[in-house]
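Let's take a look at how some helices pack together in a protein model, and at a space enclosed inside it. Have the structure open as you read.

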Amino acid sequence: MSRDEPRKTHRFITGVLFLLAAVVSIGIAVQRWPALVEWWLLRRLESSDAAARTEALDALLERRSARAVGRLVEILAEDPAGLRPDFSPRSIPAIFFSSAAEEEAPPWPKSCKEGLTALVRLLGARCAGDLRLLLRSPRSRERLWAAGLLGEIGPAAVESAGDLFDLLADAEPEVRQQAANALASVAHRHAPALEQLEERTLDGDRPFIERAACADALRHCFLIARHRFWSLRNESPPREEAGWREVEAAVLRESHRLCKETAERAFRRLIESPEPSERHLGLWGASQILFELESPGHPLLGAVLAASWDEAPAIRERGQELIDIYCERGAGHPFLLRHLLCIALDDRAEELRDRLLSDLTEQGADITPELLLLLERGGSLARAGAARALGSHGKHEPSAMRALLTALGDEDSGVRTEAIGSILERGIPEEGRSGIRAVALRALSEEESPRALEVSIAALIEMDEISADLLPRLASLLDADDPQIRSSAIQALACIGEPAVLPLRRMLSHEDFRTRREAAQALGDIGPAAADALEALEALRSDPSPSVRFSARRAAQRVSVLDGSSGDE
């Protein structure tokens, strides 16, 4: 072996090692290169040259640098004029989502997305133009994001209202919803945009999904304007800001008024539409406004409640749900329930009135004025309901008794019946006896409803006006199918005495045990004059019903001429 061979081997090994080291170094450099470039660009952000800072930011954003986004937000938060006045980084709308040519590009980190959203809020209208372009993207997620950010910008992006209007007809429900929210934020101070929203909402030639989105935008306009107005009004600003706050409050007040009037007008017209789909849309929008206002005097309230008797089942069901909600919300707020009661003048609102009356009675609210209004101006069912309720409300109000006595002359028999019932509960005044007698006798001869007959008979019994002349009519009522009518007739026959024994004795064999029991009790009330029925009473001692057997024994004792002759065995 020559002396040079070890040297050659050593040099070869050394060269290989250097080569490996170089490869490793290059690999490390390549791997670290993005970080080094980012570090260098971040250093350029400290430059005093606005153009250099803007170029560095553009480059960093294109690299999807979360730190760059965070730094940009800091710069704009500290000094909004810290960049070029025309700064509108193309990266914000263009690369937030990968373009068609960059489908393999990595997605933005979540923290970076949040930072970009904050960045757009700070830049405001300076980003509106780029975001408007993104509204036309073929990808729904880009349209969704752009619409949301335009909503964040608010009224400063009012020029984008037209593009957002077009987006209300988008095929994706989420995009339509986002566009409606954004349009409300952008246009709630802009009268022409509000007018266009109302026009599109009421335009029957447009697709229904677009009209629904417009209605949703109208509702949001009202809610945003109201929230911002009341938020500013309830704040306590520093003294140096008082002048600015007054100007801003005036602007917000006008915006609130305009949005409120526009939304109410549109929803009222929809509710009055002959088309069920339009009525349902108007009902939905109006109810949302009312839930926010919680106002007892709102003009839309009557129209919303009227849906509970709509001919369309879906609307009627929704109306019933709203009634439940308002009755629930009215708990503890008698003023709201009283107002609802005044609205329920329509005869079709009987269920609503009954529910409200029940709630108000539980709360102990004084609703006498509202009931008097119903009794005076309502439909026949409303007047009857008011007359019935006056039996337990306003007992110390002379005007209530006067109104009930006047109602005895009402053209509707149901109203007259309920008036008699309430007067009975309150106590019959002397001046009302003749009127009650005339109405009760008329009802007894003409009416067939259990309520009318029951009340009329009870009034005649109370005034001791049951005579033998009524025997044929009362005896005919014993054959009624309704047990309540039979019961009332039996009570009245007991007041006639001996002439009524024969029809009462016939009832002792009735198939209904309650009728047999009541007939036995009536014969016992007649006393010895009912001796002809004693044998039938004795036969009831073996009746299957314990209550009938008991009543029969008691009645037999009272009917017997000789005390104890038919006592217990």
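What follows covers three pairs of packed helices and then a cavity, all in a predicted model.

## How to read a helix pair

Two packed helices are described by the angle between their axes and by the distance between those axes. Keep those two values in mind for each pair below.

## α7 and α9

Start with helix α7, residues 140–153, and helix α9, residues 173–187. Their axes are 8 Å apart, and the helices pack at an angle of about 20°. Since angles under 35 degrees count as roughly parallel, that makes α7 roughly parallel to α9. The crossing of this pair is left-handed.

Which residues of α7 and α9 meet? On the α7 side you'll find S140, R143, L144, A147, G148, L150 and G151, and they meet E174, V175, Q178, A179, A182, S185 and V186 in α9. Sorted by class, the residues of this contact are seven nonpolar, five polar and two charged.

## α23 and α25

Now jump along the chain to helix α23 (residues 450–462) and helix α25 (residues 483–496). Here the axes come within 9 Å and cross at roughly 20°. α23 and α25 are therefore roughly parallel to each other. α23 passes α25 in a left-handed crossing.

From α23, the residues in the contact are P450, L453, E454, I457 and I461. They meet Q484, I485, S488, A489, Q491, A492 and C495 in α25. That contact has eight nonpolar residues, three polar ones and one charged one.

## α20 and α21

How do the axes of α20 and α21 cross? The angle is roughly 140°, and the axes of α20 (residues 398–407) and α21 come within 8 Å. That makes α20 oblique to α21, because an angle has to be over 145 degrees to count as roughly antiparallel. α20 passes α21 in a left-handed crossing.

If you want to find the contact on screen, pick out A400, M401, L404, L405 and A407 in α20. Their partners in α21 are V415, R416, A419, S422, I423 and R426. Together, the residues of this contact divide into eight nonpolar, one polar and two charged.

## A cavity by α21 and α22

Time to look for enclosed space. How many cavities of 30 Å³ or more are there? The count comes to one, and the largest cavity has a volume of about 50 Å³.

Its lining is made up of S413, R416, T417, V439, R442, A443, E446 and E447. Helices α21 (413–426) and α22 (433–446) each supply at least two residues of that lining, and α22 gives the most, with four. By class, the lining has two nonpolar, two polar and four charged residues. You've already met one of these residues: R416 lines the largest cavity and is also part of the contact between α20 and α21.

Definitions and conventions:
Residues numbered from 1 in each chain as written. Predicted model: local features only at pLDDT ≥ 70, side-chain atom pairs only at ≥ 80, totals over all residues. Heavy atoms only, no water. 1 Å grid on protein atoms, 1.4 Å probe; cavity = no way out; pocket = protein on both sides within 12 Å on 5 of 7 lines; lining within 4 Å. Points joined across faces, edges and corners; volume = space filled by probe spheres on them. Nonpolar A, V, L, I, M, F, W, Y, C, P; charged D, E, K, R; others polar. Axes fitted to C-alpha atoms, helices over the stretch in contact; angles between N-to-C directions. Parallel < 35°, antiparallel > 145°, perpendicular 65-115°, else oblique. Left-handed = near helix turned anticlockwise from the far one by under 90°. Contact = heavy atoms within 4.5 Å.
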